[in-house]
Amino acid sequence: MKITVDEVKCQSHGLCAISAPDHFELDADGKLAYQETFDEEHLDAIEDAIDSCPLQAIIMDRDAP
Ligand code: SF4
């Protein structure tokens, strides 16, 4: 599984970083940084982050290795 963030949509509000702080964070410039891949055990947190994004900018590819 893999996630990508649409950087055109993302406004760096950071709600995803509140839901899944192990995978999303705002860097020193206030820009979103994130990990594309994650373990199954973190799926719930990632799904919470996806649901929390007001701009629906986080896309999950469940078929990605
Ligand atoms: S919640 Fe959505 S818009 Fe906000 S930083 Fe995360 S991906 Fe970007």
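Visitor: Is Gln-56 buried or exposed in this model?
Guide: Keep in mind that we're looking at a predicted model. Gln-56 has a relative accessibility of 62%. The cut-off for exposed is over 50%, so Gln-56 counts as exposed.

Visitor: And where is Gln-56 found?
Guide: Look along the chain for the loop that holds this residue. Gln-56 also has a positive phi of about 50°, although it is not a glycine. Its place is the loop between α2 and β4.

Visitor: Which loop is Ser-12 found in?
Guide: Ser-12 has a positive phi too, about 55°, and it is not a glycine either. You'll find Ser-12 in the loop between β1 and α1.

Visitor: Is Ser-12 buried, partly exposed or exposed?
Guide: Its relative accessible area is 25%. Buried would need under 20% and exposed over 50%. Ser-12 falls in between, so the word for it is partly exposed.

Visitor: What does the ligand sit in?
Guide: Let's start with its neighbours. The ligand is surrounded by residues including Ser-12, His-13, Gly-14, Cys-53 and Ile-58. As for the place itself, the ligand sits in the largest cavity.

Visitor: How many residues of the shell around the ligand are nonpolar, and how many are polar or charged?
Guide: Among the surrounding residues, Val-5, Leu-15 and Leu-32 belong to the nonpolar class, while Gln-11 and Ser-12 belong to the polar one. Sorting the whole shell this way gives 8 nonpolar, 4 polar and no charged residues.

Visitor: Which residues touch the most other members of the largest nonpolar core?
Guide: This core has 16 residues. One of its best-connected members, Ile-58, is also among the residues surrounding the ligand. The full answer is Ile-3, Phe-24, Phe-38, Ile-58 and Met-60.

Visitor: Which element gives the largest share of this core?
Guide: At least two residues each come from β1, α1, α2 and β4. The largest share is 3 residues, and it comes from α2.

Visitor: Is His-23 buried or exposed?
Guide: His-23 has its place in the loop between α1 and β2. Its relative accessible area is 7%. Because the cut-off for buried is under 20%, His-23 is buried.

Visitor: Which residues does Phe-38 touch, leaving out those up to four places away in sequence?
Guide: With that same limit on sequence neighbours, the contacts of His-23 include Tyr-34, His-42 and Phe-38. Turn to Phe-38 and His-23 shows up again. The full set for Phe-38 is Met-1, Lys-2, Ile-3, His-23, Leu-43, Ile-46 and Met-60.

Key:
Residues are numbered from 1 along each chain as its sequence is written. This is a predicted model: local features need pLDDT of at least 70, side-chain atom pairs count only at pLDDT 80 or more; totals for chains, interfaces and linings use all residues. Side-chain values use heavy atoms; hydrogens and water are left out. A residue is near a molecule or strand if one of its heavy atoms lies within 4 Å of it. On a 1 Å grid over the protein atoms alone, a cavity is a set of points where a 1.4 Å probe fits but cannot get out, and a pocket is an open set with protein on both sides within 12 Å along at least five of seven lines; lining residues have an atom within 4 Å of a point. A molecule sits in a cavity or pocket if more than half of its atoms lie within 2 Å of its grid points. A nonpolar core is a set of buried Ala, Val, Leu, Ile, Met, Phe, Trp, Tyr and Cys residues joined through side-chain atoms within 4.5 Å. Buried means under 20% relative accessible area, exposed over 50%, partly exposed in between (1.4 Å probe, protein chains only). Helices (H or I, at least four residues) and strands (E, at least two) are DSSP runs, numbered from the N terminus. Contact means heavy atoms within 4.5 Å.
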